[in-house]
Every structure is written in C-alpha cells, then in structure tokens.
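Colleague: Before I rely on the wording used for this model, I would like to go through some of the terms and hear what stands behind each of them.

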Amino acid sequence: MRTTAAVLWEPGGKWEVEEVELDGPRAGEVLVELTASGLCHSDEHMVTGDLPVAYPMVGGHEGAGRVTEIGPGVTEVAVGDPVVMTFLPSCGRCQYCARGWPNLCNDGAGATLGPQLDGTYRFHARGEDVGQMCLLGTFARHTVVPVKSVVKIDEGFPLDLAALVGCGVTTGFGSAVRSADLRAGDSAVVIGVGGIGANAVQGARVAGCRYVVAVDPVEFKREQALTLGATHTAASIDEAWEVVSGLTRGQLADAAILCTGVAEGTDLQPALQLVGKGGRVVVTALGHAEEDTASLSLLELTLYEKQIRGALFGSSAAQHDVPRLLEMHNLGQLKLRELITKEYTLEQVNEGYEDMRAGRNIRGLIRY
C-alpha cells in the first residue's frame with residue numbers, strides 16, 4: 001500500500017513528509033492504522049546525531065491505533081484491536097525477559113538500526129529502503145511492526161491519550177517507581193520537566209513522596225510540574241540543592257532522576273550532590289553517543305554508599321505496565337490529557353520539534 005510518512009534522510013536535516021510504499025506484514029508482524037503519535041525527544045536525537053541510526057528513517061516511536069491486518073502466526077491480537085505500540089519489543093523467552101527485564105529483551109538490540117527483526121524493510125521511498133525508528137515508525141499514517149512491540153488495550157480508551165504511554169509516560173513513571181524505587185515518605189528531585197520528567201514527577205507523587213522538587217529553567221514547565229504533583233520547583237540544580245536541603249534538614253533527597261534533553265557527563269556530580277546517604281541518581285536522559293567520560297566524586301560515592309543507575313523505558317514491563325497505567329488514568333490517579341500541550345498534523349512535525357526545543361511543550365502530539 002501507499003501511505004504518508006515523515007522521513008529523516010540525513011543527520012541535521014528536516015523531517016520530510018512524503019508518500020511512501022509500505023509492504024504488508026510478514027510472520028509475527030501486524031499492520032496498524034495510527035490515531036496519534038507523540039513527539040518524543042529521542043527522535044530529535046536522530047536529527048542531531050546523538051543517537052546513531054541508519055538513514056533514511058521513518059521517525060516516531062510513541063503511538064497508538066488499530067490493527068488492520070495480521071501476518072502469519074500472529075495470535076496475540078486480531079484485526080480491529082486497539083493497541084499501544086512500545087518502542088522496545090519483548091519476546092518473553094530470552095534470558096532477560098525470563099529474569100523479569102523485558103525492557104532489555106535481546107530483540108531490542110537493533111531497534112535503531114532501521115530494518116525489521118528479520119533484517120528486511122517495510123517502508124520504501126525514492127527507490128531506497130527506509131528504516132523505522134525503534135521498529136515502529138509512528139510518524140506514518142500506517143506502519144507494520146512486530147507483534148512483540150504492541151500491547152492490546154481495552155476498547156473505548158482514547159487512543160490519542162494511549163499513544164503517550166508507548167514511551168514518555170511509562171519511561172518517566174517507571175524511572176520514579178521502578179528505577180529509583182521511590183517509596184512513601186521519600187523525597188525526590190526530578191531534573192528536566194519534559195515529556196519524560198513530567199511523568200517522573202507523577203510517579204514520585206503516586207509513590208507517596210513527601211517532597212517532589214522539579215527542576216527546569218523554563219517557568220512554564222515548572223508551573224506545569226506543580227499541577228502534576230511537584231511540591232516545590234527550582235530553576236537550576238544549585239537552587240534545587242538549597243530547596244531540598246532546607247526541606248530535609250540537610251538529609252537531602254532519596255533519589256534524583258535525570259530527565260534532561262541530553263545527558264552530559266558533567267551532570268552526574270551535581271545530581272549526586274542532591275542525594276543523601278544511600279541516595280540514588282537515575283539517568284533516564286540519553287547522552288551523546290561518543291561521550292564516554294563523566295565527572296563525579298568516587299569518594300562521595302563510596303563513603304555515602306550513593307548509587308548511579310541507568311534506566312531504559314523506566315525499567316518497565318510493557319505488557320504489565322501499559323494497561324495498569326491506563327487504568328490508573330481511568331481512576332483519576334494519573335494525568336494524561338494534561339500532558340499534551342499542543343496537537344499537530346503530520347505535516348507540522350518540524351513545527352512541533354521547534355516548539356519542543358523552545359521549551360513551549362510538555363508533549364506535542366501528532367493526530368492523524
């Protein structure tokens with residue numbers, strides 16, 4: 001079939017919306033007609049080159065829609081089912097899935113390389129094969145994805161809101177409740193209040209933290225953080241240290257979650273200084289691919305038994321967590337619509353990323 005997609009042809013380029021060819025689903029795959037796709041910062045990393053990928057690439061890795069065709073051997077979903085697409089597949093059988101780490105499934109190893117799991121391509125344009133961001137490519141009206149990358153959800157849930165749970169909500173929420181292991185009475189600092197950090201704030205609130213300090217230089221984002229569960233805000237890490245130190249009588253935070261647009265090696269020590277003895281620094285933000293150095297006090301790390309932990313997809317399990325997060329929304333325990341600052345058409349994808357870079361959006365959403 002032919003469909004419309006936003007394709008990135010080279011690093012540093014613009015998203016080009018054009019007609020593309022889309023092959024049908026092969027074994028273990030499904031064709032999805034999308035309702036909406038989130039504009040996540042990770043796709044911006046493809047533009048800047050911070051996330052190495054093979055170009056050209058259909059962008060987008062946060063979306064929801066309905067299954068319109070299934071490939072051979074697919075029994076998990078049927079035509080017509082509403083689904084959320086998650087940016088990491090999980091096979092359920094590899095050693096990592098078996099150990100309860102489906103976010104580290106072996107099938108996710110080549111998620112940014114372009115082709116599908118069998119090494120072939122589904123999108124084609126200008127006489128070339130075109131890859132799919134994280135095996136998905138949600139910047140397209142239709143896409144073919146592995147059934148391992150979809151989660152069937154309840155009929156009737158708004159698919160525009162469900163799209164957000166494919167990456168940003170689950171990653172941020174999980175970074176707080178799973179990766180940081182926040183518990184009732186803890187104190188937390190969330191550094192960066194974008195599509196990920198906003199949900200780390202929600203996760204910290206749901207976990208029962210007594211103090212949640214949201215850090216962002218943009219006043220609009222600090223204001224939004226207060227509506228999502230932050231108890232205090234700060235414009236910088238230095239200011240956050242003063243706030244959290246005063247609130248905790250010098251004990252400092254139990255966890256600091258780094259959700260900035262890009263993680264820098266120089267971020268670790270300031271984040272480490274925000275947490276007290278036994279405190280945890282969770283690095284959710286993606287760093288530069290070529291950066292392999294970081295600044296931190298090893299003495300402080302050892303003497304105070306502090307921890308630094310990476311978090312992918314918020315250490316979450318899609319098949320378990322996605323339905324629960326949607327149910328939490330239905331129960332009024334998790335905000336989703338409030339995360340969407342502005343909606344765009346697919347043709348406005350570059351405008352959406354301009355707004356993100358300018359700090360005008362918590363989350364932009366493409367609605368098909």
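Colleague: Where in the chain is the place of Trp 101?

Modeller: In this predicted model, Trp 101 sits in the loop between helix H2 (95–98) and strand E7 (123–125).

Colleague: Why is Trp 101 called partly exposed?

Modeller: Its relative accessible area is 35%, and since buried means under 20% and exposed over 50%, a value in between is called partly exposed. Trp 101 also joins Leu 104 and Leu 312 in making a nonpolar surface patch of about 250 Å².

Colleague: What makes Trp 15 and Phe 139 an aromatic pair, and why is the pair called edge-to-face?

Modeller: The ring centres are 5.4 Å apart, and because rings pair if their centres lie within 6.5 Å, they qualify; the planes stand at 85 degrees, and an angle over 60 counts as edge-to-face, so the name follows. Trp 15 lies in the loop between strand E1 (2–8) and strand E2 (16–22), while Phe 139 lies in the loop between strand E8 (128–132) and strand E9 (142–146), 124 residues apart. Both residues are buried, and ring pairs link them with Tyr 353 into a cluster.

Colleague: How do you know that Phe 87 and Phe 313 form an edge-to-face pair?

Modeller: For Phe 87 and Phe 313 the values are 5.1 Å centre to centre and 80 degrees between the planes, which meet the limits of within 6.5 Å and over 60 degrees, so the pair is edge-to-face. Phe 87 and Phe 313 are 226 residues apart in the chain, and both are buried.

Technical notes
Residues numbered from 1 in each chain as written. Predicted model: local features only at pLDDT ≥ 70, side-chain atom pairs only at ≥ 80, totals over all residues. Heavy atoms only, no water. Patch = residues over 30% accessible without salt bridge, like charges linked within 9 Å, V, L, I, M, F, W, Y side chains within 5 Å. Areas by Shrake-Rupley, 256 points an atom, 1.4 Å probe, with all protein chains shown as cover. Salt bridge = Lys/Arg side-chain N within 4 Å of Asp/Glu carboxyl O. Helix = DSSP H or I, 4+ residues; strand = E, 2+ residues; numbered from the N terminus. Buried < 20%, exposed > 50% of the residue type's maximum accessible area, 1.4 Å probe, protein only. Phe/Tyr/Trp six-rings, centres within 6.5 Å; stacked < 30°, edge-to-face > 60°.
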